[in-house]
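Let's take a friendly walk through this model together, with an eye on charges, contacts and empty space. Have the coordinates open as you read.

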Amino acid sequence: MPSSSYFNYWGKAKQAIEVDHSLQIHKYHLLPFHALDVAAVGYALLNQDHAYLRHFLRLTGLSKPQFIQWFTFLIALHDIGKFADSFQSLNADVLKKLQQRTSQRQYSSHFRHDSLGWILWKNHLRQQFQDKGIMPKGSGSKRRESAPHVLDFWMGAMVGHHGQPPQPTTNRLPRDDFDETNDFAAATAFLDDLIPLLFDEMPVFPACSTQAIQLASWWLSGLAVLSDWLGSNTNFFPYQSQPMPLGEYWEQAKQQAEQAIQKAELLSCLPSVSLMLTDLIDVEPHVIPEPTPLQQMVSGWELPASPHLFILEDVTGAGKTEAAVLLAHRLMQAGQGNSLYFALPTMATANTMYSRMKDVYRRLFVSGANPSLILAHGASDMSADFRQSVFPEMPATAENYGDGTTPAGAHCNAWLADNCKKALLADIGIGTVDQALLAILPARHQSLRLLGLVNKILLVDEVHACDAYMHELLCALLRAHAAAGGSVILLSATLPKKQRQALLNAYAEGQGWRKPVLQATDDKSYPLVSCLNAQGLREQVVATRASVKREVNVQFLSERQAIDDLLSSTVEQGKCACWIRNTVKDAIEAYQQIKVKHPDWQVDLFHARYALGDRITIEKRVVARFDKSSTAESRRGQILIATQVVEQSLDLDFDTLITDLAPIDLLIQRAGRLRRHTRDVLGNRIAGEDQRGAVTLHVHSPEVTDSPTGRWVADFFPNAQKVYDHHGQLWLTAKLLHQQGKFQMPEDARRLIEGVYGVDAQDDIPQTLLYRSNEAEGGDRADASIARLNTLSMAVGYTDASTNRWWDEAKTPTRLGEETTMVYLAKWQDGVLLPWSDSKGYEWQLSAVSMRTYWITAEAAIPDLTQEALEQFKVSNLPAKGKWGVLLPLQSVAGDNWQGVARNAKQETVRFIYSEKFGLMADVEPVKKDAKHESD
């Protein structure tokens with residue numbers, strides 16, 4: 001029986017279980033065996049997944065045998081920090097059993113075992129590597145810092161496998177955590193036995209670029225995290241508490257690792273031989289759909305052996321999504337990726353994309369493959385489609401062949417679906433762009449997200465919707481993805497020239513290519529396909545489908561009476577209308593005024609400040625009333641007052657559309673909801689030409705003038721003046737549309753966008769608006785600077801030096817803007833707190849609503865409910881134990897209203913009213929400290 005000292009150290013342990021009040025049963029896994037479990041997973045992944053290996057060879061510059069052998073060896077040292085006495089003392093029972101002693105420690109270590117591993121490496125094992133000739137000896141004494149070696153960056157990635165790099169330990173002495181005599185000797189003994197297990201002779205680390213390994217260390221850490229997660233799964237690696245020869249255990253671990261990888265479905269599927277448009281859309285039997293010009297173009301686009309960045313710009317309804325999927329499949333066939341991640345702007349758009357793809361995604365892969373499809377966003381577990389996919393309920397009529405094959409349909413691996421970090425490892429990932437952006441921000445486990453993207457075609461939709469902060473983050477993501485050899489497809493309605501140039505520059509920089517020079521910059525260069533690869537930049541103007549070409553008249557309405565007259569005319573004609581307002585407050589006020597004046601009208605209100613469950617109910621009602629399949633009967637006389645929630649993602653179609661003034665790209669986007677589908681004069685769907693007459697977009701705006709005052713926007717939209725704070729761009733938008741009185745799509749798209757966002761356009765802004773516009777541009781530059789500050793410094797390697805802030809992913813800023821607080825609404829009745837939503841399973845998530853932190857920042861004192869009881873309730877009931885939210889208890893008052901109090905950012909107590917009709921509203925005046933909380 002082996003008697004090496006390293007068998008006296010545990011790597012995994014369960015708490016001791018008392019049996020018959022006397023017998024202690026110890027459940028633990030010896031440290032060397034856990035090390036080999038994780039090494040076996042890494043070894044199996046690299047040997048079986050050639051795509052992973054290909055990218056790591058590109059990143060490191062090592063040969064295939066070199067990389068596999070060295071990663072396997074170094075990942076086996078990932079938990080060397082557990083040799084520390086301070087770690088072993090965390091389980092007194094196991095320590096006593098293994099080392100026949102009790103801990104004399106009077107304190108717990110300030111460092112986690114990943115940082116303890118860094119201490120052991122820097123103060124002992126590094127010297128062992130030098131003494132054995134594995135790495136060259138550095139100058140200086142053992143205790144003095146020598147110049148970093150490439151192995152320092154690699155080892156930092158291995159020991160930093162718990163979501164962030166190890167903490168700096170420059171002034172940390174080993175004796176603070178280690179028993180140098182015993183712990184160092186055990187670690188050395190393990191190293192001495194590990195080397196002949198994995199190498200035929202004493203190894204020497206091969207010459208390679210330090211800069212390459214520094215950059216690669218981010219992805220190396222991701223592979224270490226994945227290997228550790230799988231290697232810690234006791235379903236495949238049961239605890240082994242009795243010593244046995246390392247060689248014997250190693251062979252066993254390699255077999256278990258192959259089973260674990262197969263079960264987790266991490267091995268890539270091969271792409272299918274072909275993918276047709278009919279594979280992606282529903283058509284009648286024997287009907288061959290005609291591809292759009294964009295779809296035709298990308299289907300024949302030449303794809304040299306190189307990573308690619310594509311930017312597809314076309315109007316709404318041009319089939320960009322299908323074109324992107326067809327293109328992604330061709331890139332997969334060309335060996336530029338083996339999977340796909342859809343990065344959508346919102347959860348709603350991600351849910352919609354999941355519904356579209358769940359029945360067709362298998363067609364991207366060879367017959368017989370079992371690819372995984374995962375929805376990745378913060379509320380994915382509340383998606384009914386996704387839950388059904390993860391835990392399918394087979395209908396009684398489902399074919400069951402009895403041979404282990406899976407019936408057709410969405411297939412989601414439950415292990416991958418466990419959280420959003422793992423979800424990016426799936427063959428097809430669909431989620432918000434935020435999940436991808438977290439890969440280049442100091443969020444815990446960002447390296448696993450990078451690894452999840454490494455083999456994927458990254459498809460980002462609605463790129464034009466990125467503000468200055470998100471745009472800068474997206475550029476950083478493109479640089480990182482390009483450095484790993486990844487390909488990207490970006491979709492947009494229209495992009496300003498400077499934004500398109502910046503995205504192309506970022507990708508070229510990541511690839512190490514020269515900065516591309518735009519050629520297609522005139523007004524006729526739209527719709528446009530831009531493609532950047534190793535051969536350079538190619539831009540190609542493309543036609544658009546005839547059915548989405550149209551002329552939109554623009555009429556400005558400055559008087560509220562004009563809006564009332566327009567809505568009255570719409571109702572009288574039996575048509576439907578929508579007014580898109582720029583703030584929740586304006587939407588509520590407009591709804592109330594219309595209902596007071598026209599109580600018999602059918603008016604609905606829709607914005608973002610409802611409890612999620614109520615918002616979902618309203619959204620379903622709105623979609624049923626105004627979507628593609630809506631009928632004249634469901635639409636007749638209906639009016640919707642909404643905010644930007646209807647601006648994108650929802651396939652809505654209104655006969656009349658009024659919109660508050662907004663930047664030109666958003667007005668074009670909103671106009672896409674105006675007579676979106678062809679209908680007869682009554683509003684029923686028909687094929688052919690629309691019969692509802694000329695299309696007119698009505699813009700609610702201050703009077704368009706060549707000499708606006710400095711308060712041109714502020715006086716007209718007092719509640720919304722900060723929503724779109726570049727008032728010069730609003731004036732340019734209004735001036736362009738007012739001068740022409742109409743616009744044609746796609747012919748006018750580029751001219752309108754550059755006329756507002758182009759560099760030369762800023763010279764046309766009136767002096768009276770320049771101050772506010774300059775402030776807004778300064779804010780954009782500041783936001784971009786914050787993004788650059790927040791973004792990880794990839795070139796310095798996976799070290800704490802890349803940033804001094806590591807956030808929980810729930811608080812990592814993927815978007816800026818006014819800070820918001822997640823508010824959980826509760827009914828406070830008869831001394832009991834109940835969630836606002838009565839849905840079982842996700843009642844608290846469905847009771848949540850986002851509110852400006854200015855208005856709600858903490859709970860307020862509530863009669864008959866102590867602060868201690870409130871905190872205990874949050875910990876016991878709310879998601880994340882209430883760590884990131886505020887609980888707002890509500891009591892029923894007049895009508896359908898519920899009332900509660902909370903503290904705002906000034907620590908004032910503020911009264912809030914909630915109703916299913918209006919959502920959450922705050923009283924303007926704070927509650928006085930001595931005021932009684934009356935229920936009426």
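## Salt bridges and their surroundings

In this predicted model, the count of salt bridges comes to 31. As background, side chains of opposite charge can pair when their charged atoms come close. Three of these pairs are set out below.

| Salt bridge | Closest N and O atoms |
|---|---|
| Arginine 356 and glutamate 322 | 2.5 Å |
| Aspartate 706 and lysine 735 | 2.6 Å |
| Arginine 911 and aspartate 923 | 3.5 Å |

Let's begin with the pair in the top row, in which arginine 356 bridges to glutamate 322. This pair links distant parts of the chain, 34 residues apart, with arginine 356 in helix α13 (residues 347–357) and glutamate 322 in helix α12 (residues 320–333). Arginine 356 has a relative accessible area of 39%, so it counts as partly exposed. Glutamate 322 counts as buried because its relative accessibility is 14%, with the cut-off for buried set at under 20%.

Next comes the salt bridge between aspartate 706 and lysine 735. Here the two partners are 29 residues apart: aspartate 706 sits in the loop between β16 (696–700) and α25 (727–740), while lysine 735 belongs to helix α25 itself. Is aspartate 706 buried or exposed? Aspartate 706 is exposed, because its relative accessible area is 53% and the cut-off for exposed is over 50%. Lysine 735, at 18% relative accessibility, counts as buried.

The remaining row of the table holds arginine 911 and aspartate 923. Arginine 911 is part of strand β24 (residues 909–915) and aspartate 923 lies in the segment after β25 (919–922), so this salt bridge ties together parts that are 12 residues apart in sequence. Aspartate 923 is partly exposed, at a relative accessible area of 28%. Elsewhere, Arg635, Asp653, Asp655, Arg679, Asp690 and Arg692 are joined into one network by salt bridges that share partners.

## A buried aspartate

Now for an acidic residue without such a partner. Aspartate 665, located in helix α24 (residues 664–671), is buried yet has no salt bridge. Which side chain of opposite charge is nearest to aspartate 665? That is arginine 670, 9.0 Å away, whereas a salt bridge needs the nitrogen and oxygen within 4 Å. What aspartate 665 does have is a polar contact of 2.6 Å, side chain to side chain, with tyrosine 757. Setting aside residues up to four places away in sequence, aspartate 665 touches His464, Ile753 and Tyr757.

## A loop alanine

Alanine 608 is found in the loop between β13 (602–606) and α22 (612–626). Its relative accessible area is 35%, so alanine 608 is partly exposed. Beyond its neighbours within four places in sequence, alanine 608 is in contact with Arg615, Thr643, Val645 and Val849. Serine 707 is another matter: 99 residues separate it from alanine 608 along the chain, and the two C-alpha atoms are 36 Å apart.

## Enclosed space

Rolling a probe the size of a water molecule over the atoms shows where empty space is left. How many cavities of 30 Å³ or more are there? The count comes to six. The largest cavity holds about 110 Å³ of space. It is lined by 15 residues, and those closest to its centre are Tyr52, Leu266, Ser268, Leu425 and Asn455.

Methods: Residues numbered from 1 in each chain as written. Predicted model: local features only at pLDDT ≥ 70, side-chain atom pairs only at ≥ 80, totals over all residues. Heavy atoms only, no water. Helix = DSSP H or I, 4+ residues; strand = E, 2+ residues; numbered from the N terminus. Buried < 20%, exposed > 50% of the residue type's maximum accessible area, 1.4 Å probe, protein only. Lys, Arg positive; Asp, Glu negative; His and termini not counted. Polar contact = N/O pair within 3.5 Å; in protein donor to acceptor, adjacent residues only side chain to side chain. Contact = heavy atoms within 4.5 Å. 1 Å grid on protein atoms, 1.4 Å probe; cavity = no way out; pocket = protein on both sides within 12 Å on 5 of 7 lines; lining within 4 Å. Points joined across faces, edges and corners; volume = space filled by probe spheres on them.
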